[in-house]
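Visitor: I should like to take a close look at a single part of this model, the sheet, and at how its strands are joined. Please describe it in one connected account, with the criteria behind each term.

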Number of protein chains: 2
Amino acid sequence: MRRFALVTLICLATAPLYAQDKATIQKLNEAFSEAFNKGDFAALADLYTQDATLMPPQADFVRGRDDIQKFWQAASDHVGDLRLTTLDVEPFGSDTAREIGTFTLKPKGQQEEVAGKYVVIWQRVGGDWKLATDIWNTNK
Amino acid sequence: MRRFALVTLICLATAPLYAQDKATIQKLNEAFSEAFNKGDFAALADLYTQDATLMPPQADFVRGRDDIQKFWQAASDHVGDLRLTTLDVEPFGSDTAREIGTFTLKPKGQQEEVAGKYVVIWQRVGGDWKLATDIWNTNK
């Protein structure tokens with residue numbers, strides 16, 4: 001029984017990124033919304049790859065970690081209370097995954113939440129998963 | 001020289017999907033906009049995988065080829081003159097690729113074009129590349 005547990009543990013530790021990924025990605029999303037909601041934009045930008053592509057609605061492409069940090073900092077003047085929910089994570093090989101998720105946020109000075117959906121391409125950089133492509137839109 | 005050309009040809013024919021992909025994808029996008037602009041929604045839907053996910057702005061998720069066909073048919077009442085431009089295609093293994101592109105379209109009864117950007121996850125189904133995930137938003 002102990003040997004079986006050990007083998008299972010080794011398999012889990014060396015498995016690339018299948019069933020466990022959704023939990024990994026959801027945890028990173030919690031770090032994302034936490035950083036945004038408390039205004040730590042350096043920590044938020046650090047969740048992206050160095051040359052990530054952000055594709056926000058009502059705006060042009062935002063490329064690279066520095067401009068992504070500025071984008072989110074500016075966005076925080078208008079919206080808060082961001083929440084992210086991972087719906088589906090599909091791994092492509094061991095270093096890339098496509099996430100589909102939903103979000104809610106609150107425009108400042110409004111009662112009503114805004115809901116939307118997003119696609120993120122995650123890439124493994126060293127030991128960490130980072131957002132490489134990030135696009136979203138609102139539902140209405 | 002002829003032998004070199006032959007070897008090159010064989011390599012190109014068996015290479016999975018690198019440099020040549022952007023051209024492949026751009027060609028499929030031309031088929032996409034052509035089908036949309038002439039109102040052939042069955043052909044348009046057939047460019048998607050059977051269980052594709054569409055994520056339009058100002059709407060909820062649209063799942064599966066049948067509902068995707070209905071979505072584009074309904075959209076054509078409001079917009080036309082769709083043009084798609086592939087900016088970047090990144091292959092993930094031999095059966096998946098992530099495309100980033102831009103589009104323009106014309107709302108019916110308006111002079112001014114609307115411009116936007118999109119992410120498509122393409123998947124190889126048999127010998128064909130199909131849209132599996134499709135999300136976009138407008139720039140302003």
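Guide: Within β4(A), A:Arg98 is the bridge partner of A:Glu90. This pair belongs to the antiparallel pairing of strand β3 (residues 79-92) of chain A with strand β4 (residues 96-107) of chain A, which extends over 11 bridges. Strands here are DSSP runs of E with at least two residues, helices are runs of H or I with at least four residues, and both are numbered from the N terminus. Two strands are said to pair if DSSP finds at least two bridges between them. With 3 residues between them, β3(A) and β4(A) form a hairpin, and A:Gly93 in its turn has a positive phi of about 70°.

The model is predicted, so local features need pLDDT of at least 70 and side-chain atom pairs count only at pLDDT 80 or more, whereas totals for chains, interfaces and linings use all residues. Residues are numbered from 1 along each chain as its sequence is written, while chains are lettered from A and ligands numbered from 1 in the order in which they are written.

The hairpin is part of an open sheet of 6 strands in chain A, with the order β2-β1-β6-β5-β4-β3 and mixed pairing. Its edge strands are β2 and β3 of chain A, each of which pairs on one side only.

Strand β5 (residues 114-125) of chain A pairs with β6(A) in the antiparallel sense over 10 bridges; in β6(A), A:Asn137 is the bridge partner of A:Lys117. Strand β6 (residues 128-138) of chain A is also joined to β1(A) by 4 bridges, and these two strands run parallel.

A:Leu54 has a bridge partner in each of two strands: A:Asp134 in β6(A) and A:Val62 in β2(A). The pairing of β1(A) with strand β2 (residues 62-63) of chain A is antiparallel, over 2 bridges. These two strands form a hairpin with 6 residues between them, and A:Gln58 in the turn has a positive phi of about 60°. Strand β1 (residues 48-55) of chain A is mostly covered, with 6 of its 8 residues buried. A residue counts as buried if 20 or more other C-beta atoms lie within 10 Å of its own, as exposed if 12 or fewer do, and as partly exposed in between, with C-beta atoms placed from the backbone.

Two helices accompany the sheet. Helix α2 (residues 21-38) of chain A lies across β3, β4, β5 and β6 of chain A, running at about 160° to β3(A). Helix α4 (residues 65-75) of chain A packs on the sheet, touching β1, β2 and β3 of chain A, and its direction makes about 50° with that of β1(A). Axes are lines fitted to C-alpha atoms, for helices over the stretch in contact, and angles run from 0 to 180 degrees between N-to-C directions.

Strands also enter the contact between the chains, which takes 21 residues from chain B and 21 residues from chain A. Residues are in contact if their C-beta atoms, placed from the backbone, lie within 7 Å. On the side of chain B that touches chain A, β1 (48-55), β4 (96-107), β5 (114-125) and β6 (128-138) of chain B each supply at least two residues, and β6(B) gives the most, with 4 residues. The copies meet through the same surface, because 100% of the interface residues of chain B are also interface residues in chain A.

Terms used. Contact = placed C-beta atoms within 7 Å.
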